[in-house]
Amino acid sequence: MGHHHHHHEHTSTKNLKLAFWVNFLFAIFEIFGGLYVNSVAIISDAIHDLGDSFSLGGAYFLEKFSKKKADKRYSFGYGRYSLLSALLNSVILVTGSVFVVYESILRIIHPESSDALGMVVFAFFGIAINGIVMLRLHSSRTLNEKVVYWHMMEDVLGWVAVLIAALIMLVYPSPYIDPILSLLITSYILYGVIKRLKETLYFFLQGVPEELDLDGLKEEILAVPCIASIHDVHV
């Protein structure tokens, strides 16, 4: 059991490290690519990914830090640092999504033409690279990893939107398709992230896990021979 737990801890930090490097390097690639095909959607996604990479770097560091054993300073251990990272990442992702919504609305008001064929090529790269990392995080257990999984899902769905928009634009040139799709996907991502944010805040404030029946637990303890009464129970 101890070996299995240690293996999971190693895997979680390894996945976060992979997600960080993929986001950072791909964001740089996106900036140049967006400028080359004159796509505001790709450039705005690049800025969003760059912000993601910094938050993912923090996630990797804090997840690794949370594995430290209890000491005189933190007698309960450092486990809550992982929750702190999940909280920060959720806030950053919500902020980034609001920025994408803002950019999409601007593109609807002031439409610009883009190189649709170039967007198709970049979209395939984006889906493949981010998709691999997302699959690695699919069976995540920690809240920190789950929030990062939503980061990667947002990136994949964002590129799917770019691909669909670019393919339609090849047949029916319209500058409004891309921002409308971006708005729909960002709304879906925001729903998932806000749900995770509420869950993270609940645990961060030391709420009792929903799957645990506190009254039932008390009854089980009282059913043990030699126990007369219990008081001040915390979970």
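Q: Exposed means over 50% relative accessible area, and buried means under 20%. In this predicted model, which of the two words fits Leu-135, buried or exposed?
A: Leu-135 sits in helix 4. Its relative accessible area is 63%. The cut-off for the upper class is over 50%, so Leu-135 counts as exposed.

Q: How far apart in space are Leu-135 and Phe-76, C-alpha to C-alpha?
A: Leu-135 belongs to helix 4. In sequence, 59 residues separate Leu-135 from Phe-76. In space, their C-alpha atoms are apart by 33 Å.

Q: Is Asn-130 buried or exposed?
A: Asn-130 is another residue found in helix 4. The cut-off for the lower class is under 20% relative accessible area. Asn-130 has a value of 1%, so Asn-130 is buried.

Q: Which residues are in contact with Asn-130, leaving aside its neighbours within four places in sequence?
A: Asn-130 has little accessible area, at 1% relative. Contact here means heavy atoms within 4.5 Å. With sequence neighbours within four places left out, the partners of Asn-130 are Val-22, Phe-26, Met-152, Asp-155, Val-156 and Trp-159.

Q: Where is Ser-114 found?
A: Two helices frame the answer: helix 3 covers 80-109 and helix 4 covers 116-136. Ser-114 is found between them, in a loop. The place asked for is the loop between helix 3 and helix 4.

Q: Why does Ser-114 count as buried?
A: A loop holds Ser-114. Buried requires under 20% relative accessible area. Ser-114 meets that limit because its relative accessible area is 17%.

Q: Which residues beyond four places in sequence are in contact with Ser-114?
A: Ser-114 is buried. Neighbours within four places in sequence are set aside. The remaining contacts of Ser-114 are Val-37, Asn-38, Ser-39, Arg-107, Met-119 and Met-169.

Q: What is the C-alpha to C-alpha distance in space between Ser-114 and Val-147?
A: Ser-114 and Val-147 are 33 residues apart in sequence. Measuring the model from C-alpha to C-alpha gives a separation in space of 32 Å.

Q: Which helix gives the most residues to the nonpolar patch?
A: The patch is formed by Leu-117, Ile-164, Leu-167, Ile-168, Leu-170, Val-171 and Tyr-172 on the surface. Together they have about 710 Å² of accessible area. Leu-117 lies in helix 4 and is exposed at 55% relative accessibility. Five residues, the most, come from residues 143-171, that is helix 5.

Q: Which residues gather in the patch of negative charge, and which helix holds Asp-215?
A: The patch of negative charge is on the surface. Its residues are Asp-213, Asp-215, Glu-219 and Glu-220. Asp-215 lies within residues 214-222, which form helix 7.

Q: What is the phi of Cys-226?
A: Most residues other than glycine have a negative phi. Cys-226 is not a glycine, yet its phi is positive. Cys-226 is placed in the segment after helix 7 and is exposed at 86%. Its phi is about 80°.

Q: What is the phi of Asp-232?
A: Asp-232 is also placed in the segment after helix 7. Asp-232 is exposed, with a relative accessible area of 57%. Its phi is positive in a residue other than glycine, near 55°.

Q: How far apart in space are Cys-226 and Val-22?
A: Cys-226 and Val-22 are separated by 204 residues in sequence. In space, C-alpha to C-alpha, they are apart by 57 Å.

How values were computed. Residues are numbered from 1 along each chain as its sequence is written. This is a predicted model: local features need pLDDT of at least 70, side-chain atom pairs count only at pLDDT 80 or more; totals for chains, interfaces and linings use all residues. Side-chain values use heavy atoms; hydrogens and water are left out. Patches are made of residues with over 30% relative accessible area and no salt bridge: like charges are joined within 9 Å, nonpolar side chains (Val, Leu, Ile, Met, Phe, Trp, Tyr) within 5 Å. Accessible areas come from the Shrake-Rupley method with a 1.4 Å probe; for residues, only the protein chains shown count as cover. A salt bridge is a side-chain nitrogen of Lys or Arg within 4 Å of a carboxyl oxygen of Asp or Glu. Lys and Arg count as positive and Asp and Glu as negative; His and the chain ends are not counted. The place of a charge is taken as NZ of Lys, CZ of Arg, CG of Asp or CD of Glu. Helices (H or I, at least four residues) and strands (E, at least two) are DSSP runs, numbered from the N terminus. Buried means under 20% relative accessible area, exposed over 50%, partly exposed in between (1.4 Å probe, protein chains only).
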